[in-house]
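Please look over the sequence and the model shown below before reading on. The paragraphs that follow lead through a few of its features in turn.

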Amino acid sequence: MLFLYRLLINIIFIFSPLIVIIRLFRKKEDIKRFKEKFCFFSKERGKGNLIWFHGASVGEILSIVPILEKLEKNNKIKKILITSNTLSSSKVLNKLRLKKIIHQFFPIDTNLHTKKFLNYWKPSSAFFIDSEIWPNMFLNLKKRNIPINLLNGRITKKSFLRWKFFSNFSKSIFCNLDLCLSSSQESKIYLKKLGAENVKFVGNLKFSQSENEKLIINNNLKDFISSKKTWCASSTHKTEEKFCGLVHKILKKKYKNLLTIIIPRHIERVDQIKNEMIDLNLKVHTHQSKMKIKNDTDIYIVDTYGATKTFYNLCKNVFLGGSLIDRGGQNPLEATRYGCNILHGPSTKNFKEIYKFLKKNKLSIKLNTQKEMVNVLDKLFKKRTNPKKIQLKLKYIGQKILHSTLKEIKL
């Protein structure tokens, strides 16, 4: 099976230049840095102890920010290498301003590229986040006796069944993990069945939060939002923006000063979303526009990364996207920390335990139709935001999980 995997990944490598060109046209690659995926590195390794974290995209990288802040203060660690697959995650990392961090894009998982990557960076420990399992990288790390850790490990039932179909192959890969900290009890069971041995559940790392969060708030924008009846649709995917635009049209019949803020999951879709809203006869303003915000603006589209928390702080009713379509939802905890009421669709499998916690504390509302969303928002506009005690509870849970995670990690 390993031979077949290597054959397939090499075929992908052959076609990768064409894939990269397509992604460059779609603004999903950095024209100056895409070569990092082929092990043409843009940063020097430098001397001293280097530890390595890999996460697929924004959500995975944000979940380890509290760990990175702690490790930044550790004098024994000279460099922290972060790799990811997406352009958006690199932009988020640039805003952290942690001195020890180097960001590179994750290489194609061929045997040749993973060897070249490890020969150059020579990490003393490797940490993979969520569901990032890469066979060639794992096997080459093991050959070098570099500890392999899985942080906030998440295995869905669907991916478990996929791995289980190749039972012997999965065991030969998962047995290389020195430590697995699962994000849920369900993932803990799946990881053990797939061949991982040292598996522990200390809690979902996404409950933890940064100690150095700084909100940059434009006073004119703050005043504008405060003067409106506002709600926010965050981390939205294709079709969800139009759904929210139609909800806005219905609600505006009752609330003349209504403002809907849309924060798309992928900002390269902004022009498409803008055109959809204009087709609905809605007036649109984009966050990075230098034009003054008109008072009759219906839809405010956030077309930049890293501004989400600012809008959560200003807007207390938030719909989390990826939940009306079959994507499994997006992490609602960040919005909850700012006292927001959470609305979501039926698809929340990626954050099952978190949504269960929110439902238990009456902080989230599930909806399926535009009519349901209209009715829910109508009620929430008249209701107070979440009590401070819930925010303090989240902070306590997060600190406990962070402490337990750091205790388990062997550097």
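Is Trp52 buried or exposed? In this predicted model, Trp52 counts as buried because its relative accessibility is 0%, the cut-off for that label being under 20%. Phe128 is likewise assigned to the buried class, since its relative accessible area is 0%. The rings of Trp52 and Phe128 form an edge-to-face aromatic pair, with 5.2 Å from centre to centre and 70° between the planes. Because Trp52 belongs to strand E1 and Phe128 to strand E4 (residues 125-129), their pairing ties together parts of the chain that are 76 residues apart in sequence.

This is one of 19 aromatic pairs counted in the model. Another, between Phe41 and Tyr120, is stacked, its ring centres lying 4.4 Å apart and its planes meeting at 25°. Here Phe41 comes from the loop between helix H1 (2-25) and strand E1 (50-54), whereas Tyr120 comes from helix H5 (residues 111-121), so the contact joins parts separated by 79 residues in sequence. With a relative accessibility of 19%, Phe41 counts as buried, while Tyr120, at 27%, counts as partly exposed.

Both pairs can be placed in a wider setting, for ring pairs link Phe41, Trp52, Phe106, Phe117, Tyr120, Trp121, Phe128, Trp134 and Phe138 into a cluster.

Aromatic rings also meet charged side chains in this model, as two lysines show. The charged end of Lys37 sits over the ring of Phe105, at 5.4 Å from the ring centre, and Lys116 lies over the face of Phe40, where the distance to the ring centre is 4.8 Å.

Turning from side chains to the backbone, it helps to recall that the strands of a sheet pair through backbone hydrogen bonds, in either a parallel or an antiparallel manner. In this model, seven strands make up an open sheet in the order E10-E11-E9-E8-E12-E13-E14, and their pairing is parallel. Strand E10 (284-286) and strand E14 (364-366) are the edge strands, each of them pairing on one side only. From one strand to the next, the twist averages 20°.

Within this sheet, strand E8 (residues 229-236) and strand E12 (residues 317-320) run parallel and are joined by three bridges. A residue-level view of where these strands face each other is given by Cys232, which stands opposite Val318 in E12.

How values were computed. Residues are numbered from 1 along each chain as its sequence is written. This is a predicted model: local features need pLDDT of at least 70, side-chain atom pairs count only at pLDDT 80 or more; totals for chains, interfaces and linings use all residues. Side-chain values use heavy atoms; hydrogens and water are left out. Two strands pair if DSSP finds at least two bridges between them. Helices (H or I, at least four residues) and strands (E, at least two) are DSSP runs, numbered from the N terminus. Axes are lines fitted to C-alpha atoms, for helices over the stretch in contact, and angles run from 0 to 180 degrees between N-to-C directions. Rings of Phe, Tyr and Trp (its six-membered ring) pair if their centres lie within 6.5 Å; planes under 30 degrees apart count as stacked, over 60 as edge-to-face and the rest as tilted. Buried means under 20% relative accessible area, exposed over 50%, partly exposed in between (1.4 Å probe, protein chains only). A charge sits over a ring if NZ of Lys or CZ of Arg is within 6 Å of the ring centre and within 35 degrees of the ring normal.
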